[in-house]
Amino acid sequence: MKKLQNKYVCAGITAFCVLIAVLICGCIFLNFDKVAQGFGKMNSALMPIYVGMIIAYLLSPMVNAMERRIFIPLFRKINKKDKWVRSLARGISIFLVLVMAIVVIFWLTMLVVPEVVESISNLANNLPQYYRNMIQLTNDVGEKHPEVAQYMKESTDTVYSQVRNWVENELLPASTEILGRVSDGLLSALGMLLNVIIGIIVSIYLMAGKEHFCAQAKRLLYTIFSEKYANRILSFGKDMNWSFAKFFSGKIVDSVIVAIITFIVLSIANIPYTALISVLVGVTNIIPFFGPYIGAIPSAVLVFLASPFKGLIFLVIIIIIQQLDGNVIGPKIIGESVGLESFWILFSILVFGAMFGLLGMICAVPVFSVLYRTIKRWSHQRLEKKGLPSETDAYLRKK
């Protein structure tokens, strides 16, 4: 009788929980706009936390290395108390790493920004000359090939009329809205600067107590899940951390090397807008697969406007640098951290890029690499339990 009562009580609690879940889902569905707006406000409020977590994640390896290799051995000669030594070593390491990071960013900004500004100024000053060069080129083509000239004239007239209609019907009426967007952009930039400042403060707390925060997270996992599933989640998190750290550290170093090589070679070849193009090529190189093309195409157009001959030279140079990076520099620095075939790299970038935009394209390869290894490991375990071979070659059709 008692077992029967317990059975009905459990069934009643389950039905009640299901009813509550259905009601909550219904409320969310009926008030989706308000719920989305609430999540948006929460996301904005948590932005400094996100920034702080990113800063702490990027700087923690340097803090750990400085703490373990320099300050802990040094302070242990002064005081044998382990807690005092570790606390002082951690604090000094965080301070020095943050100062070095700020100094390096400031130095790079002062080194690159003036060159980029000068390149943009030269581009603006040379635009009339580029226009005259295009007119001269059109006239030369018209003299030698009248049919091509007629086609170019018709195309130019069509483009001119479309641009004029766009300016008169869309751009001018929307000028007030554009000014509003500019002011909103300035406010967003100030807000982002404030988020970075607060994020630096948050990162100090995170780096100072990262072991304690990790222990709290592990305790929560073991509270919610069984020991088996908690261990699996922790293993997945370790794989994710290893993949991200290995991939992004290698990719950043690779991109810096590519930017430096590009700057040196373009300076020797006397290619215009060297600094601007080097920065653009280096930044876009962080994006796997499509990054080199995203940086090279607009750069080639820019150089071609200044000089068609130098534009061709630039294309040859950038192709050689990309081949050198793809076959020598990249594999040497990043190594086998990705562990994916070219098809899966392209697949992950397309899928994650469509879902999450530019950030998805940047994070696609390490995230998909972890998912791929997790599924592969699970597949091996299942096949071994069934007594089947786990190697892919065993399933190839033999002729």
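This report describes the fold, salt bridges, helix crossing, surface patch and selected loop residues of a predicted model.

## Overall architecture

The chain of this predicted model contains 12 helices and zero strands, and its elements, taken from the N terminus on, run α-α-α-α-α-α-α-α-α-α-α-α. Of the 399 residues in the chain, 25% are buried.

## Salt bridges between helices

The count of salt bridges in the model comes to three. In one of them the side chains of Glu 67 and Arg 90 meet, with an N to O distance of 2.7 Å. Glu 67 belongs to helix H3 and Arg 90 to helix H4, which spans residues 82-144, so this pair ties together parts of the chain that are 23 residues apart in sequence. Glu 67 and Arg 90 are both buried.

Arg 90 also meets the side chain of Glu 211 in a salt bridge, again listed at 2.7 Å from N to O. Because Arg 90 lies in helix H4 and Glu 211 in helix H7, this second pair ties together parts that are 121 residues apart in sequence. Arg 90 has a relative accessible area of 10%, which is under the 20% cut-off for a buried residue, whereas Glu 211, with a relative accessible area of 46%, is partly exposed.

A further salt bridge is formed by Asp 239 with Arg 377, where the closest N and O atoms are 3.1 Å apart. Asp 239 is part of helix H8 and Arg 377 part of helix H12, covering residues 342-385, so the pair ties together parts that are 138 residues apart in sequence. Asp 239 counts as buried at 17% relative accessibility, while Arg 377 is partly exposed, with a relative accessible area of 36%. Through salt bridges that share partners, Glu 67, Arg 90 and Glu 211 are joined into one network.

## Crossing of H7 and H8

Two packed helices are described by the angle between their axes and the distance between the axes. For helix H7, made of residues 210-224, and helix H8, the axes come within 8 Å and cross at roughly 140°. That angle makes H7 oblique to H8, because the range counted as roughly antiparallel begins over 145 degrees. The crossing of H7 and H8 is right-handed.

## A nonpolar surface patch

On the surface, Phe 39, Met 42, Leu 46, Ile 49, Tyr 50 and Met 53 make a nonpolar patch of about 560 Å². The elements that give two or more residues to this patch are helix H2, residues 32-45, and helix H3, residues 47-76. H3 provides the largest share, namely three residues.

Tyr 50, one of the residues of the patch, is found in helix H3. With 33% relative accessibility, Tyr 50 counts as partly exposed, and this value lies over the 30% that a patch residue needs.

## Two loop residues

Asn 270 lies in the loop between helix H8, residues 227-268, and helix H9, residues 274-284. Although Asn 270 is not a glycine, it has a positive phi of about 60°. Asn 270 is exposed, with a relative accessible area of 52%.

Phe 290 lies in the loop between H9 and helix H10, the latter spanning residues 291-306. Phe 290 is partly exposed, its relative accessible area being 25%. The C-alpha atoms of Phe 290 and Leu 350 are separated by 9.8 Å, while the two residues are 60 residues apart along the chain.

Conventions:
Residues are numbered from 1 along each chain as its sequence is written. This is a predicted model: local features need pLDDT of at least 70, side-chain atom pairs count only at pLDDT 80 or more; totals for chains, interfaces and linings use all residues. Side-chain values use heavy atoms; hydrogens and water are left out. Patches are made of residues with over 30% relative accessible area and no salt bridge: like charges are joined within 9 Å, nonpolar side chains (Val, Leu, Ile, Met, Phe, Trp, Tyr) within 5 Å. Accessible areas come from the Shrake-Rupley method with a 1.4 Å probe; for residues, only the protein chains shown count as cover. A salt bridge is a side-chain nitrogen of Lys or Arg within 4 Å of a carboxyl oxygen of Asp or Glu. Helices (H or I, at least four residues) and strands (E, at least two) are DSSP runs, numbered from the N terminus. Buried means under 20% relative accessible area, exposed over 50%, partly exposed in between (1.4 Å probe, protein chains only). Axes are lines fitted to C-alpha atoms, for helices over the stretch in contact, and angles run from 0 to 180 degrees between N-to-C directions. Angles under 35 degrees count as roughly parallel, over 145 as roughly antiparallel, 65 to 115 as roughly perpendicular and the rest as oblique. A crossing is left-handed if the near helix is turned anticlockwise from the far one by less than a right angle, and right-handed if clockwise.
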